[in-house]
Amino acid sequence: MELAAEMPLLSRNERSSPGAGTFTAQEGLSCAEAAERLRADGPNLLDPPPKEGLGVILLRQMQSVVFLLTTIAAIISYCLGDETKAAILIGAVCVVCFLNTVGEYTSQDAGSALAKMAAPRSTVL
């Protein structure tokens, strides 16, 4: 059976047992080895994603289907002589696009804010 080769920590007898694939305390890292790995590799943290600029976010908002359809409707309204409707449509598109851009830009810091609220330490028994 090929599955056993892909899962080296589990033997055929352990697959159905509770706790299969877990390690005992004797199999874990010693304090010295854990300290050495921490020194060599650093803490177990993910790099934060790069922040996007306002211009990039604004361009992505302008590429949305709703933005494009509403802009086309405004252009058609203007060409048909209904400048008031065209102005209202363009105004609504600009306001919504601006608000979405500002909201997305300010929400980029949500992950770091949540990380600050999370418990920095845990106790493993």
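**Close-up 1. What covers the buried residues of H5.** In this predicted model, the cover over the buried residues of H5 includes H3 and H4. The H5 residues in question are Ala 86, Val 93, Cys 97 and Thr 101, each of them buried. As for the helix itself, H5 has 24 residues, which should span 34 Å at 1.5 Å a residue, and its end C-alpha atoms are indeed 34 Å apart.

**Close-up 2. Helix H4 and its buried side.** H4 runs over residues 65-79, so count 15 residues from end to end. From first C-alpha to last, H4 reaches 21 Å, close to the 21 Å expected at 1.5 Å a residue. Which residues of H4 are buried? They are Phe 67, Thr 71, Ala 74 and Ser 77. These four sit on the same side of H4, because they cover an arc of only 120 degrees around the axis. Their packing partners are helix H3 (54-62) and helix H5 (83-106). Flip to the other side of H4 and you find Val 65, Leu 69 and Cys 79, which are exposed. Just past the end of H4, look for Gly 81, which takes a positive phi of about 95 degrees.

**Close-up 3. Ser 77 and its contacts.** Ser 77 belongs to helix H4. Is Ser 77 buried or exposed? Its relative accessible area is 12%, and with the cut-off for buried at under 20%, Ser 77 is buried. Skip the neighbours within four places in sequence, and Ser 77 is in contact with Asp 82, Lys 85, Ala 86 and Leu 89. Ala 86 is one of the buried residues of H5. Asp 82 and Lys 85 turn up again in the next view, where they pair with each other in a salt bridge.

**Close-up 4. The Lys 85 and Asp 82 salt bridge.** Here Lys 85 forms a salt bridge with Asp 82, and the closest N and O atoms are 3.9 Å apart. The cut-off for a salt bridge is within 4 Å, so this pair counts as one. Lys 85 is partly exposed, at a relative accessible area of 45%. Asp 82 also counts as partly exposed, with 32% relative accessibility.

**Close-up 5. A nonpolar patch on the surface.** Five residues make up this patch: Val 65, Leu 69, Ile 72, Ile 76 and Leu 80. Together they have about 540 Å² of accessible area. Val 65 and Leu 69 are already familiar as exposed residues of H4. Ile 72 is found in helix H4 too. How does Ile 72 score, buried or exposed? Neither, as it happens: Ile 72 is partly exposed, with a relative accessible area of 45%.

**Close-up 6. Arg 39 and Glu 36 within helix H2.** The side chains of Arg 39 and Glu 36 meet in a salt bridge, at 2.7 Å from N to O. Both lie in helix H2 (residues 31-41), and because they are three residues apart there, about one helical turn separates them. Arg 39 counts as exposed at 62% relative accessibility. Glu 36, with a relative accessible area of 39%, is partly exposed.

**Close-up 7. Asp 109 and Lys 51, a link between loops.** Asp 109 and Lys 51 bring their side chains together in a salt bridge of 2.5 Å, N to O. This pair links distant parts of the chain, 58 residues apart. Asp 109 is in the loop between H5 and helix H6 (110-117), while Lys 51 is in the loop between H2 and H3. Asp 109 is partly exposed, with a relative accessible area of 34%, and Lys 51 is exposed, at 58%.

**Close-up 8. A salt-bridge network.** Which residues are linked in a network of salt bridges? Look for Glu 52, Arg 60 and Glu 104. For the tally, the structure holds six salt bridges.

**Zooming out. The chain as a whole.** Pull back from the details and the chain shows six helices and zero strands, in the pattern α-α-α-α-α-α along the sequence. Of its 125 residues, 9% are buried. The chain exposes about 10,600 Å², with carbon and sulfur atoms supplying 65% of that area. For contacts between residues at least 6 apart in sequence, 47% join residues at least 24 apart.

Key
Residues numbered from 1 in each chain as written. Predicted model: local features only at pLDDT ≥ 70, side-chain atom pairs only at ≥ 80, totals over all residues. Heavy atoms only, no water. Helix = DSSP H or I, 4+ residues; strand = E, 2+ residues; numbered from the N terminus. Expected span 1.5 Å × (residues − 1). Buried < 20%, exposed > 50% of the residue type's maximum accessible area, 1.4 Å probe, protein only. Arc of directions from axis to C-beta. Contact = heavy atoms within 4.5 Å. Areas by Shrake-Rupley, 256 points an atom, 1.4 Å probe, with all protein chains shown as cover. Patch = residues over 30% accessible without salt bridge, like charges linked within 9 Å, V, L, I, M, F, W, Y side chains within 5 Å.
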